[in-house]
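Here are some notes for a colleague who is opening this structure for the first time. Please keep the sequence and the 3D view at hand while going through the numbered points.

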Amino acid sequence: MDEKSPPAGRYLDTLIYRLIDERRATGGETGDVLSMLVGAQTEDGSPLSSRQIHDEALTLLLAGHETTALALSWTWYLLAQHPDVDATMQAEIQTVLGGRLPTAADLPQLPYTRMVFAEALRLYPPAWLMTRRAREAVVIGDYCFPAGTFFLLSPYLTHRDPRFFPHPEAFVPTRWAAPPEAAPPRFAYFPFGGGPRQCLGEGFAWMEGLLVLTTVAQTWRMRLVPGHPVEPRALVTLRPKAGIHVQLARR
Ligand code: HEM
């Protein structure tokens with residue numbers, strides 16, 4: 001972005017360049033991504049330019065922010081409609097955490113909560129469509145595609161295919177408890193894409209998503225505001241068309 005960018009873009013630029021300058025000035029190695037970028041070297045051993053650090057930081061911010069927020073929004077939407085699932089998840093969270101805040105080390109002890117998030121990503125994958133172009137001619141099944149063919153791949157559609165997911169429209173977190181031999185094939189479920197352009201932040205997204213989910217869920221229950229329509233709107237990401245309106249109730 002530059003001086004011709006819209007105000008929001010310029011605001012983000014200013015913010016990120018300021019953070020880079022501050023980090024350089026203090027020289028502090030805080031162990032976070034920005035420190036790593038400031039300390040990183042290119043292949044010829046020179047440090048990254050401010051522009052390069054800015055571009056990397058902005059990509060991480062934009063790729064990671066809305067996707068994770070949407071995944072959580074759809075998770076709350078589904079939990080609000082399925083009090084039985086909410087109760088089971090709540091029991092797990094209480095048993096493991098007993099009211100204290102979660103840390104990343106607790107996450108392996110919260111398998112049901114993880115299944116809830118996985119199932120929400122199945123029904124409402126925030127990145128609902130991705131694209132690929134064939135570098136060379138390729139045969140897929142009975143079809144032959146010339147080099148340059150443009151492919152559209154939709155996790156939203158594939159995740160709702162009954163060949164891979166029985167009762168695909170149903171929100172059933174325990175389907176993810178199936179033994180490996182009964183699990184769907186690798187590319188029946190791809191909310192984080194795959195191949196060389198696989199989501200760079202997948203591990204982070206699981207950690208962040210589950211930490212936020214458990215933190216909020218142990219104190220609050222969400223009830224949908226009656227009469228407010230919730231419909232997915234397929235833009236670059238899969239957003240709720242008119243938002244998801246909820247009432248908070250303390251547990
Ligand atoms: C639930 C949350 C997230 C979902 C559903 C998601 C989904 C995806 C998908 C499907 C792609 C591949 C797009 C394609 O193949 O065209 C992607 C790429 C990417 N994601 Fe995520 N993502 C999430 C969270 C994050 C987070 C938290 C970060 C960073 C901290 C992140 C960083 C990236 C980056 C940098 C790429 C581009 C990778 C590349 O092209 O080499 N994502 N993401």
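**Notes on the predicted model**

1. At 0% relative accessibility, Ile53 counts as buried, and this residue lies in helix α3. Not counting residues up to four places away in sequence, Ile53 touches Ile20, Arg24, Leu34, Leu37, Val38 and Leu48. Please keep in mind throughout that the model is a predicted one.

2. Ile53 can also serve as a reference point for two distances across the chain. From Ile53 to Val139 the C-alpha to C-alpha distance is 40 Å, with their positions 86 residues apart in sequence, while Pro125 and Ile53, which are 72 residues apart in sequence, are 29 Å apart in space, again C-alpha to C-alpha.

3. For the overall picture, the protein chain has seven helices and eight strands, and its C-alpha trace spans about 55 × 55 × 40 Å along the principal axes. Of the 251 residues in the protein chain, 35% are buried. Among the contacts in the protein chain with a separation of 6 or more, 63% are between residues 24 or more positions apart.

4. Which residues touch the most other members of the largest nonpolar core? They are Met89, Phe117, Trp206 and Leu213, in a core that holds 38 residues. Helices α3 (50–81), α4, α5 (111–123) and α7 each supply at least two residues of this core. There is also a second, separate core of 10 residues, which includes Leu12, Ile20, Leu34 and Ala57.

5. Two of the helices just named deserve a look as a pair, namely α4 (residues 83–97) and α7 (residues 202–217), whose axes come within 10 Å and cross at roughly 95 degrees. That angle makes α4 roughly perpendicular to α7, because angles of 65 to 115 degrees are counted in that way. On the side of α4 the meeting residues are Met89, Gln90, Ile93 and Leu97, and on the side of α7 they are Leu213, Thr214 and Ala217. Sorted by class, the contact of α4 with α7 has five nonpolar residues, two polar ones and no charged ones.

6. Met89 is worth following individually, and its contacts, leaving aside neighbours within four places in sequence, are with Leu79, Tyr112, Thr113, Val116, Leu213 and Ala217. Thr75, found in helix α3, is buried, with a relative accessible area of 0%. With the neighbours within four places in sequence again left aside, Thr75 is in contact with Val116, Phe117, Ala120 and Leu213. Leu213 and Val116 thus appear among the contacts of Met89 and also among those of Thr75.

7. Which protein residue gives a donor to the iron atom of the ligand? The single donor from the protein is the SG atom of Cys199, at 2.3 Å from the iron. Cys199 is found in the loop between α6 (155–158) and α7.

8. His167 is likewise found in the loop between α6 and α7, and a reviewer may wish to look at its backbone, since its phi is near 45 degrees, a positive value in a residue other than glycine. Most residues other than glycine have a negative phi. Is the residue buried or exposed? His167 is exposed, with a relative accessible area of 65%, and so lies over the 50% cut-off used for that class.

9. Pro125 lies in the loop between α5 and β1 (130–133), yet this loop residue is buried, with a relative accessible area of 0%. Beyond the neighbours within four places in sequence, Pro125 is in contact with Ala120, Pro155, Tyr156, His159 and Leu238.

10. Finally, Met222 is found in strand β5 (residues 220–224), and its relative accessibility of 15% means that Met222 counts as buried, because the cut-off for that class is under 20%. Leaving aside neighbours within four places in sequence, Met222 is in contact with Trp76, Ala80, Val216, Val246, Gln247 and Leu248. The C-alpha atoms of Met222 and Ala249 are separated by 6.4 Å, although these two residues are 27 residues apart along the chain.

Notes: Residues numbered from 1 in each chain as written. Predicted model: local features only at pLDDT ≥ 70, side-chain atom pairs only at ≥ 80, totals over all residues. Heavy atoms only, no water. Axes fitted to C-alpha atoms, helices over the stretch in contact; angles between N-to-C directions. Helix = DSSP H or I, 4+ residues; strand = E, 2+ residues; numbered from the N terminus. Parallel < 35°, antiparallel > 145°, perpendicular 65-115°, else oblique. Contact = heavy atoms within 4.5 Å. Nonpolar A, V, L, I, M, F, W, Y, C, P; charged D, E, K, R; others polar. Donors = N, O, S within 2.8 Å, 3.2 Å for Na, K, Ca; no water. Core = buried A, V, L, I, M, F, W, Y, C linked by side-chain atoms within 4.5 Å. Buried < 20%, exposed > 50% of the residue type's maximum accessible area, 1.4 Å probe, protein only.
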